Amino acid sequence: MSGKFCVSLTCAKNDTDKATVAFVVANAALGSDQETLVFLSTEAVRLAVKGYSDDIHEEGFAPLKQLMDNYIAGGGQLFVCSPCFKKRGLDETQLIDGALIVGGAKLVEFLSQDAASLSF
């Protein structure tokens, strides 16, 4: 990997266009040989729950579940904000494969290693 790239996402079904584009960009970063992290916070933590993204499909893009699956299969990291997840009463046993619930310190650690960052 030649560099680090972080996509911070706060949207889910409340803005499916942003959620979709965030994973398009994350996949592009992986394809550009970047060590890539998607950080899900606030409403976006719902995307880490099995089945939640299954029906999200923005016109002109691949379905969000496919984008997310490709991202994970390509070696992308998926961090889920712990307090955001807990606040919404979501079930940790229902996490999608590849998702990791973390505190803010893990995001700061990644960003402090000269990572470029983009937020949606």
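How many residues does the largest nonpolar core have, and which of them have the most contacts inside it? In this predicted model, the largest nonpolar core has 41 residues. Those with the most contacts inside the core are Leu9, Phe23, Val38, Leu40 and Leu47. Both strands and helices supply this core with two or more residues each. The strands are E1 (3-9), E2 (34-40), E3 (77-81) and E4 (99-102). The helices are H1 (16-31), H2 (64-73), H3 (82-87) and H4 (104-111). Helix H1 gives the largest share, six residues.

Leu40 shows how such contacts are made up. With neighbours within four places in sequence left aside, Leu40 is in contact with Leu9, Phe23 and Leu47, among others. Leu9, Phe23, Leu40 and Leu47 are all named among the residues with the most contacts inside the core. The other contacts of Leu40 are Val45, Ala48, Leu78, Phe79, Val80 and Cys81.

Strand E4 includes Ala99. Ala99 counts as buried because its relative accessibility is 16%, and the cut-off for buried is under 20%. With residues up to four places away in sequence not counted, Ala99 touches Ala48, Leu78 and Val80. These three residues are also in contact with Leu40. Ala99 and Leu47 are 52 residues apart along the chain. Their C-alpha atoms are separated by 9.7 Å.

Leu95 belongs to the loop between H3 and E4. Is Leu95 buried or exposed? Leu95 is buried, since its relative accessible area is 15%. Beyond its neighbours within four places in sequence, Leu95 is in contact with Ala48, Lys50, Phe85 and Ile101. Ala48 is also in the contact list of Ala99. Leu95 and Val45 lie 50 residues apart along the chain, and 9.8 Å separates their C-alpha atoms.

Two residues of helix H1 were then examined. Thr20 is found in this helix, as is Asp17. Thr20 is buried, because its relative accessibility is 0%. Asp17 is partly exposed, because its relative accessible area is 37%. For Asp17, the contacts outside the four-place range in sequence are Glu58 and Phe61. Thr20 is likewise in contact with Glu58 and Phe61, and also with Ile56, Ala62, Leu64 and Leu67. Asp17 and Ile56 are 39 residues apart along the chain. The distance between their C-alpha atoms is 9.2 Å.

The cysteines were checked next. How many disulfides are there? The count comes to zero. Cys11 is in no disulfide, and the nearest cysteine sulfur, that of Cys84, is 13 Å away. A disulfide needs two cysteine sulfur atoms within 2.5 Å, so this distance rules out a bond between Cys11 and Cys84. Cys11 is buried, because its relative accessible area is 8%. Cys81 also counts as buried, because its relative accessibility is 11%. Cys81 is one of the contacts of Leu40.

Backbone angles gave two further points. Most residues other than glycine have a negative phi. Asp33 has a positive phi of about 65°, although it is not a glycine. Asp33 is found in the loop between H1 and E2. Asp33 is partly exposed, because its relative accessible area is 40%. Thr42 also has a positive phi, near 40°, and is not a glycine. Thr42 lies in the loop between E2 and H2. Thr42 is partly exposed, because its relative accessible area is 33%.

Empty space was considered last. Rolling a probe the size of a water molecule over the atoms shows where such space is left. The largest pocket holds about 180 Å³ of space. Which residues line the largest pocket? Val49, Lys50, Gly51, Tyr52, Ser53 and Asp54 are among them. Lys65, Met68, Asp69 and Ile72 also belong to the lining. Ile96 and Asp97 complete the list. By class, the lining has five nonpolar, two polar and five charged residues. Lys50, one of these lining residues, is also in contact with Leu95.

Definitions and conventions:
Residues numbered from 1 in each chain as written. Predicted model: local features only at pLDDT ≥ 70, side-chain atom pairs only at ≥ 80, totals over all residues. Heavy atoms only, no water. Buried < 20%, exposed > 50% of the residue type's maximum accessible area, 1.4 Å probe, protein only. 1 Å grid on protein atoms, 1.4 Å probe; cavity = no way out; pocket = protein on both sides within 12 Å on 5 of 7 lines; lining within 4 Å. Points joined across faces, edges and corners; volume = space filled by probe spheres on them. Nonpolar A, V, L, I, M, F, W, Y, C, P; charged D, E, K, R; others polar. Core = buried A, V, L, I, M, F, W, Y, C linked by side-chain atoms within 4.5 Å. Helix = DSSP H or I, 4+ residues; strand = E, 2+ residues; numbered from the N terminus. Contact = heavy atoms within 4.5 Å.
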